[in-house]
Amino acid sequence: MKTRTLLACALVLALAAPAVALAGKTPAAEKEPWIHVEVREGAEGKASVNVNLPLALAEAALMGSEGILKEHMHVRLDGADGPDGPDISVADLRRIWKAARDAGDAEFITVEDGGEKVRVFREGEHVCVNVDHAGDKACGEKVRLRMPVTLMDALLAGEGEELNLTAVLAELRRAGEGELVRVEDGADVVRIWVDDQPAPDSD
Amino acid sequence: MTKLALFMVIPLLLAALGGVIIVDVREGGTDGARVCVPVPLALAQIALPFVPDHARRVDLAEAEPWLPIAASMIDELKRLPDFTLAEVREADSHVLVRKEGGDLLIEVDDGPDERVRCRLPLRTARSVLHRCRDGQLRVDDLVRAVQFMPGGRLVHVRDGEAEVRITKL
């Protein structure tokens, strides 16, 4: 009887062991990159928007949409052939980017107009766009866009008029944590960043 | 006595045969009406062949190219841990879209009187998408998917004193 009980216990343990081992490997335990978008309006957080998008979800959407993207998401910057100025096609942008990329750390564009200053420059492995506007609001408007060079490479890795979103997501996964965009307009703040937390950390 | 037994047994039997959807509508005010319609899904299945053919199909031709995307996103959502997908706060309104367990929850509060709660079981949504063929969804396929849906409150809308509740038993 005792031997039978011991055998039964051993059998139960043997069957339960793989389940116990697998229990620790739940999806929650894996480090998954998340894209966060946060919009805060007003100093006391009068209004706020938070979007937490797991990269895997964006990848899944993209995988299922390859045909649709080709059909519906050809990109032409600055609209169609309008009277307000020439278009910049993605192919043009790709050529400009190649030239700028090869230039290394440099100031690409500087515009100063009254109270507004726009700078586009490369700083190490990042392309930065800074816009400072001394507007009516006490703190003025401030845009800080800081994009990894490799992300821009990925975005323009397609052909013709296509932006390569698949490569962008792969690059975001590879690059890991970091802030991508920050826009400050007085007390209003927009942030886009990547980390491995489902819920955003406070600023 | 037999009638009473039948009165008690028949709803239980119908519930056991695929569940019942209860639509409960209450109008506000002291004279407000209340309409409560239990829809036994097994009966709905039986009645569907008598419905005109065009009313037994939902046209999804326009949405068809997007269905594979929705399907792969649902698969991924099912795999992910619980999380808040989106949250919007503004003055006295609040919107929350959240994945919780096997469900996608949508909560909207607009002031103290307006409130919407929706629960979409992901497995059911996936099953419905799986049953879409040739840009169409057959209503009997939809009913079948709902039959296998886990029970609970699906929709609760409150606007002042008026309320709508849709529950699966």
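**Chains A and B: two loop residues and a shared strand pairing**

Let us begin in chain B, with B:Asp134, a residue in the loop between helix H4 (122-131) and strand E8 (136-138). Please keep in mind that the model before you is predicted. What is the sign of phi at B:Asp134? The angle is positive, about 50°, although the residue is not a glycine. As background, most residues other than glycine have a negative phi. Is B:Asp134 buried or exposed? B:Asp134 has 9 C-beta neighbours inside 10 Å, and it therefore counts as exposed, since a residue with 12 or fewer such neighbours is placed in that class.

A second residue of chain B deserves attention alongside it. B:Ala91 is found in the loop that lies between E4 and strand E5 (93-100) of chain B. Its phi is near 45°, again a positive value in a residue other than glycine. B:Ala91 is exposed, because 9 other C-beta atoms lie within 10 Å.

I turn now to chain B as a whole. Its secondary structure consists of five helices and 10 strands. Of the 169 residues in chain B, 14% are buried. If we take the contacts in chain B between residues at least 6 apart in sequence, 50% of them join residues at least 24 apart.

The next topic is the meeting of the two chains. How many residues of each chain take part? On the chain B side there are 21 residues, in contact with 19 residues of chain A. Two elements of chain B, helix H3 (67-79) and strand E4 (83-90), each supply at least two residues of the side that touches chain A. The largest share, nine residues, is provided by H3(B). By type, this side of chain B comprises 13 nonpolar, two polar and six charged residues.

Strand E4(B) also takes part in a pairing across the two chains. Its partner is strand E2 of chain A, residues 47-54, and the two strands pair in the antiparallel sense over five bridges. Within this arrangement, A:Val49 stands opposite B:Val88 in E4(B).

Finally, which strand of chain A is joined to E2(A) by eight bridges? The strand is E1, residues 34-41 of chain A, and E1(A) and E2(A) run antiparallel. One pair can be named here: A:Glu41 has A:Ala47, in E2(A), as its bridge partner. Strand E2(A) is thus joined to E1(A) within chain A and paired with E4(B) of chain B.

Conventions: Residues are numbered from 1 along each chain as its sequence is written. Chains are lettered from A and ligands numbered from 1 in the order in which they are written. This is a predicted model: local features need pLDDT of at least 70, side-chain atom pairs count only at pLDDT 80 or more; totals for chains, interfaces and linings use all residues. Two residues are in contact if their C-beta atoms, placed from the backbone, lie within 7 Å. Helices (H or I, at least four residues) and strands (E, at least two) are DSSP runs, numbered from the N terminus. Ala, Val, Leu, Ile, Met, Phe, Trp, Tyr, Cys and Pro count as nonpolar, Asp, Glu, Lys and Arg as charged, and the others, Gly among them, as polar. Two strands pair if DSSP finds at least two bridges between them. A residue is buried if 20 or more other C-beta atoms lie within 10 Å of its own, exposed if 12 or fewer, and partly exposed in between; C-beta atoms are placed from the backbone.
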